[in-house]
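Dear colleague,

I am handing over the structure we spoke about, with the sequence alongside. Please open it first, and then read the notes that follow.

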Amino acid sequence: MFKTRLLSGIVLVIILIATVGCGGNVLFGVLGIISLIGMTELYKVVNVEKKPIAFVGYLAAVVYYALLYVNRMDLLPLLIMVFMILLMAVYVFTFPTFVADQVVIVFFGVFYVAMMMSFVYQTRMLPDGGVVVWLIFLSSWGCDTCAYCVGMLIGKHKMAPKLSPKKSVEGGIGGIVGAALLGAIFAVAMNHFAAAGANVLHYAIICGAGGAISQIGDLAASAIKRNHEIKDYGKLIPGHGGILDRFDSVLFTAPVIYFLSAFLSGSLF
């Protein structure tokens, strides 16, 4: 099991480096596919992944990515309105095929998976995106590793005892501090080896904040699984589960990194 997890993790990192490094259309396309797979995993939780109501969600995600690609995000409110109307139309005209909980999950899935995931691409497209985009993964996965290590060493107080008994407050704090340190180290390394001109303090703040939010993303995904009594969202990544099992924290970290990076660099306003 450990060997399988390690090997698939290595393959995942290689694919990540290649796609994020390339950026542009390659990253955009891969994220679009990943988003649809993640939505399918979420919809499968409520048994609608192959039903008409789910395809309304898939369509909304595709249109959202199309608007993002052509830089027409001013049409997002229109998309949300049309999406809601179509979703409710399927709900009422096929009644009682679907229940309200399923409708809510389909609507939620577009925002939770597709839109949140798209911020990896949006971060990559920032003026300094070639460097700062890596903070998304450094803060989320780095925080998880640091939190685990600190929790194992000194963890005593449970963070969410009923949801995730193994996570501790000490581990959570250690994860945030560890993520901040990783951000600072990354900035120093980029400045030394790539003359990136990264602000060490800014990168530490960004990674620390990203690490804090990533823990909410991790716990949120766990809560959904607990509510529906499933272990993993899928089996796409051997030893890791599905897309949502591996990218649950990234979904929350990506928007935070994007807005903090844009704000601190002065390109948000």
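**Cysteines and disulfides**

A search of the whole structure, which is a predicted model, finds zero disulfides. Cys 143 is in no disulfide, and the nearest cysteine sulfur, which belongs to Cys 146, is 7.2 Å away, whereas a disulfide would need the two sulfur atoms to be within 2.5 Å. The surroundings of the cysteines are also worth noting: Cys 143 counts as buried because its relative accessibility is 1%, while Cys 22 is exposed, with a relative accessible area of 54%.

**Salt bridges**

As a general point, side chains of opposite charge can pair when their charged atoms come close. With a cut-off of 4 Å between a side-chain nitrogen of Lys or Arg and a carboxyl oxygen of Asp or Glu, the count comes to four salt bridges, and I describe some of them here.

One of them joins the side chains of Lys 167 and Asp 218, with a distance of 2.7 Å from N to O. This pair links distant parts of the chain, since Lys 167 belongs to strand 2 (residues 164-168) and Asp 218 to helix 9 (residues 200-227), with their positions 51 residues apart in the numbering. Lys 167 counts as partly exposed because its relative accessibility is 24%, whereas Asp 218, at 15% relative accessibility, counts as buried.

Another salt bridge is formed by Asp 245 with Lys 225, whose closest N and O atoms are 2.9 Å apart. Here too the pair links distant parts of the chain, as Asp 245 is in helix 10 and Lys 225 is in helix 9, 20 residues apart. Asp 245 counts as buried because its relative accessibility is 12%, and Lys 225 likewise counts as buried, with a relative accessibility of 10%.

A further salt bridge brings together the side chains of Asp 74 and Arg 72, at 2.9 Å from N to O. Asp 74 counts as partly exposed because its relative accessibility is 49%, and Arg 72, at 36% relative accessibility, is also partly exposed.

**The largest pocket**

The largest pocket holds about 1,600 Å³ of space. It is lined by 46 residues, and those that lie nearest its centre are Arg 5, Asp 144, Lys 167, Asp 218 and Arg 246; Lys 167 and Asp 218 are thus the two residues whose side chains meet in the salt bridge described above. The elements that give two or more residues to the lining are helix 1 (2-22), helix 7 (134-154), strand 2, helix 8 (169-194), helix 9 and helix 10. The largest share of that lining, ten residues, comes from helix 7.

**Helix 10**

Helix 10, which runs over residues 243-264, has 22 residues and reaches 30 Å from its first C-alpha to its last, and this is close to the 32 Å expected at 1.5 Å a residue. There is nevertheless a kink of about 35° in helix 10, and the kink is centred on Ser 249. Helix 10 is mostly covered, with 17 of its 22 residues buried, and Asp 245 is one of its residues that counts as buried, at 12% relative accessibility. Helix 10 is followed by Gly 266, which has a positive phi near 80°.

**Backbone details in the loops**

Which two residues does a cis peptide bond join? They are Phe 95 and Pro 96, with omega at about 5°, and Pro 96 has its place in the loop between helix 4 (76-93) and helix 5 (100-124).

Positive phi values also occur in residues other than glycine. Asn 47 has a phi near 60° and lies in the loop between helix 2 (24-45) and helix 3 (52-69); Asn 47 counts as exposed because its relative accessibility is 52%, and the cut-off for that word is over 50%. Ala 195 has a positive phi of about 50° although it is not a glycine, and Ala 195 is found in the loop between helix 8 and helix 9. Ala 195 counts as exposed because its relative accessibility is 65%.

With best wishes

Key. Residues numbered from 1 in each chain as written. Predicted model: local features only at pLDDT ≥ 70, side-chain atom pairs only at ≥ 80, totals over all residues. Heavy atoms only, no water. Helix = DSSP H or I, 4+ residues; strand = E, 2+ residues; numbered from the N terminus. Expected span 1.5 Å × (residues − 1). Bend = angle between axes of the 7 residues up to and from the residue. Buried < 20%, exposed > 50% of the residue type's maximum accessible area, 1.4 Å probe, protein only. 1 Å grid on protein atoms, 1.4 Å probe; cavity = no way out; pocket = protein on both sides within 12 Å on 5 of 7 lines; lining within 4 Å. Points joined across faces, edges and corners; volume = space filled by probe spheres on them.
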